[in-house]
Amino acid sequence: MTAPRWLDEREGRMWRAYGEMQRRFATAIDRQLVRDAGLSVADYELLVPLSESPEQQIRARDLRQMLDWDRSRLAHQVRRMEGRGLVTRAECPGDARGIIIQLTAAGRRAIESAAPGHVATVRRLFVDLLSEEEIATFTAISERVLDRLAQEETEGTPTAVAGRRGTAGQ
C-alpha cells in the first residue's frame with residue numbers, strides 16, 4: 001500500500017476555502033429562495049429543467065439523471081411539490097412503467113418569481129466578484145474536475161462508486 005499524498009499547506013488552504021465557500025454559498029442561496037419565493041433549493045433544482053423543457057415536462061428517469069438524484073429522492077421531492085401544486089405526475093404514453101413530471105401553472109409562476117432574486121444573489125455573491133479571466137479559469141477548472149468525475153464514474157473506480165448518490169442500477 002502506498003503512502004497517502006497529504007495536501008501541503010497551500011493545497012489544504014485552497015481545499016478548506018473551497019469547502020467553506022461551497023457550504024456558505026449553498027446556505028445563502030437556500031435563504032434567498034425561501035425568503036423570496038418560498039422554495040427550497042431542491043424545489044428550484046427540479047423546477048429549472050422542467051421550465052426549460054419545450055413541453056414543460058420531463059420523464060422521471062431523465063430528470064433523475066439530470067439532477068443526479070436517486071429514485072427515492074426524486075419521488076419524495078415530486079410528492080411534496082405535487083402537494084403544493086407545483087408539478088404533476090402522469091403515466092408515460094407507450095410505457096406503463098414510465099412517469100412524466102409536468103410543470104404546472106403554479107410551478108411556472110414559482111420559478112419565474114424565484115429566478116430574478118436567484119440570479120441577483122449568484123451575481124452579487126459570486127459572478128460579479130470575478131474578472132473575465134477568473135471566470136474563464138474557474139470554468140476550465142470546473143469542467144476539468146467534472147470530466148474526471150465522469151471518467152471515474154464510467155470506469156467504476158472506488159471513489160466514483162462510493163460517491164454516487166444512489167444511482168447505481170437505475
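Q: What volume does the largest pocket have?
A: Keep in mind that this is a predicted model. Rolling a probe the size of a water molecule over the atoms shows where empty space is left. For the largest pocket, the volume comes out at about 2,300 Å³.

Q: Which residues lie nearest the centre of the largest pocket?
A: The lining has 48 residues. Elements giving two or more residues to that lining are α1 (9-37), α2 (41-52), α3 (60-67), α5 (105-125) and α6. Nearest the centre you'll find Y18, M21, Q22, F138 and S142.

Q: By class, how many residues in the lining of the largest pocket are nonpolar?
A: Let's split the lining by class. There are 6 polar and 13 charged residues in it. The nonpolar ones number 29.

Q: What does helix α6 reach from its first C-alpha to its last?
A: Helix α6 covers residues 132-155, so 24 residues, and at 1.5 Å a residue you'd expect 34 Å, counting one less than the number of residues. Right after α6 comes G156, with a positive phi near 70 degrees. The reach of α6 itself is close to the expected one, at 35 Å.

Q: Which residue in β3 is the bridge partner of V87?
A: Strand β2 (residues 87-92) runs antiparallel to β3, and 6 bridges join them. Their hairpin has 2 residues between the strands, and G94 takes a positive phi near 85 degrees there. Across from V87, the partner in β3 is L103.

Q: Which residue in β3 stands opposite I58?
A: Strand β1 (residues 57-59) pairs with β3 (residues 95-103) in the antiparallel sense, over 3 bridges. Opposite I58 in that β3 strand stands I101.

Conventions: Residues are numbered from 1 along each chain as its sequence is written. This is a predicted model: local features need pLDDT of at least 70, side-chain atom pairs count only at pLDDT 80 or more; totals for chains, interfaces and linings use all residues. Side-chain values use heavy atoms; hydrogens and water are left out. Helices (H or I, at least four residues) and strands (E, at least two) are DSSP runs, numbered from the N terminus. Two strands pair if DSSP finds at least two bridges between them. On a 1 Å grid over the protein atoms alone, a cavity is a set of points where a 1.4 Å probe fits but cannot get out, and a pocket is an open set with protein on both sides within 12 Å along at least five of seven lines; lining residues have an atom within 4 Å of a point. Grid points are joined across faces, edges and corners, and a volume is the space filled by probe spheres set on the points. Ala, Val, Leu, Ile, Met, Phe, Trp, Tyr, Cys and Pro count as nonpolar, Asp, Glu, Lys and Arg as charged, and the others, Gly among them, as polar.
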